[in-house]
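Colleague: Before we discuss any details, please show me the model. I shall then ask what stands behind each term you use.

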Amino acid sequence: MSAGEPVWCRPCQSLLRARLVELDDLAAKVGAALDERRPGPGEKVSGSRTRPSPSAAVDDLDELLHTLLGWEDAYREARGLPPRPRRGRYAPTLAGTVAWLAHHLDGILSFDGAADFGREVLDLHRRLRSRTRTAPPRRAAVPCPQCDLMTLAHGADADEVRCAACDWTAPAPAQPTRRRVS
């Protein structure tokens, strides 16, 4: 691969684009689910002076925003673009940075941090999506082609199969439609 070439193949680039733009909606769903819960007391840690995090979901949302803003800043700096504008609170800031990153995605996928960017987008998407799922992951009845262990699984609404042992992933096969026999 020469400098300036994307490190992701065309199908993976399409997947990354889709996952990136879905992050905004997933964050809204996770946030809405948090709003439905009653706030409870935080866990106390002996000797701790800072307040504990209210939940792992809030931590994921914070990390999502921090990570995407960091990638926007890194790409802007690498390309000599002006600094990121102030966008306001969480939702408008996230929507703005997702839109900006999606608009510049072709360039981002060919700059030095492209591999890490893609992995982080996919990881954040997977974590947020798992917080919005209701069905538990289903185990596949075949071994993983990478490690040969029986650890492949996908959720009822998942569009990829993932190995729990080696983290291999592939698009989930289409589910056959069942015909009713009378």
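**Terms and the values behind them**

Modeller: The largest nonpolar core has 28 residues, and those with the most contacts inside it are Leu-20, Leu-23, Leu-64, Leu-68, Leu-101, Phe-117 and Leu-128. This is a predicted model, in which local features need pLDDT of at least 70 and side-chain atom pairs count only at pLDDT 80 or more, while totals for chains, interfaces and linings use all residues. Residues are numbered from 1 along each chain as its sequence is written, and side-chain values use heavy atoms, leaving out hydrogens and water.

Colleague: What makes a set of residues a nonpolar core?

Modeller: The set consists of buried Ala, Val, Leu, Ile, Met, Phe, Trp, Tyr and Cys residues joined through side-chain atoms within 4.5 Å. Buried means under 20% relative accessible area, exposed over 50%, and partly exposed in between (1.4 Å probe, protein chains only).

Colleague: Which elements give two or more residues to this core?

Modeller: They are H1, helix H2 (56-79), helix H3 (90-103), H4 and H5. H2 supplies the largest share of the core, eight residues. These labels are DSSP runs numbered from the N terminus: helices (H or I) of at least four residues and strands (E) of at least two. As for contact, the word means heavy atoms within 4.5 Å. Leaving aside residues up to four places away in sequence, Phe-117 touches Leu-20, Trp-71, Leu-101, Leu-105, Ile-108 and Leu-109.

Colleague: Why does Leu-26 count as buried?

Modeller: Leu-26 is found in helix H1. Its relative accessibility is 8%, and the limit for buried is under 20%, so the label applies. Beyond four places in sequence, Leu-26 touches His-125, Leu-128, Arg-129 and Thr-132. The C-alpha atoms of Leu-26 and Leu-128 are separated by 6.1 Å, although these residues are 102 apart along the chain.

Colleague: How do you know that Asp-106 forms a salt bridge with Arg-17?

Modeller: A salt bridge requires a side-chain nitrogen of Lys or Arg within 4 Å of a carboxyl oxygen of Asp or Glu. The closest N and O atoms of Asp-106 and Arg-17 are 2.9 Å apart, so the pair qualifies. Asp-106 lies in helix H4 (residues 105-108) and Arg-17 in helix H1 (residues 10-36), so the bridge ties together parts that are 89 residues apart in sequence. Asp-106 is exposed at 52% relative accessible area, whereas Arg-17 is partly exposed at 31%.

Colleague: How many salt bridges does the structure hold?

Modeller: The structure holds ten salt bridges. One of them joins the side chains of Glu-22 and Arg-19 at 4.0 Å, N to O. Both residues lie in helix H1, three residues apart, about one turn of the helix. Glu-22 is partly exposed at 31%, but Arg-19 is buried at 5%.

Colleague: Which residues are linked in a network of salt bridges?

Modeller: The network links Asp-60, Glu-63, Asp-123, Arg-126, Arg-127 and Arg-131. Within this group, the side chains of Arg-126 and Asp-123 meet at 3.1 Å, N to O. These two residues are three apart in helix H5 (residues 114-132), about one helical turn. Arg-126 is partly exposed at 26%, and Asp-123 is partly exposed at 26%.

Colleague: What joins the side chains of Arg-76 and Glu-72?

Modeller: A polar contact of 2.9 Å joins them. The term covers a pair of N or O atoms within 3.5 Å; within protein, one must be able to donate a hydrogen and the other to accept it, and residues adjacent in sequence count only if both atoms are side-chain atoms. Arg-76 is found in helix H2 and is buried, with a relative accessible area of 8%.

Colleague: What is notable about the phi of Asp-148?

Modeller: Phi of Asp-148 is near 65°, a positive value in a residue other than glycine. Most residues other than glycine have a negative phi. Asp-148 lies in the loop between E1 and strand E2 (152-154) and, at 57% relative accessible area, is exposed.

Colleague: Over which residues does pLDDT stay under 50?

Modeller: pLDDT is the predictor's confidence in each residue, from 0 to 100. It stays under 50 over residues 38-48, for which the model has two contacts beyond four places in sequence, and over residues 176-180, which have zero such contacts. Where pLDDT is low, the predicted coordinates should not be read in detail. The mean for the protein chain is 78, and 73% of its residues reach 70 or more. Among the elements, strand E1 (residues 138-139) has the lowest mean pLDDT, 72, and H4 the highest, 94.
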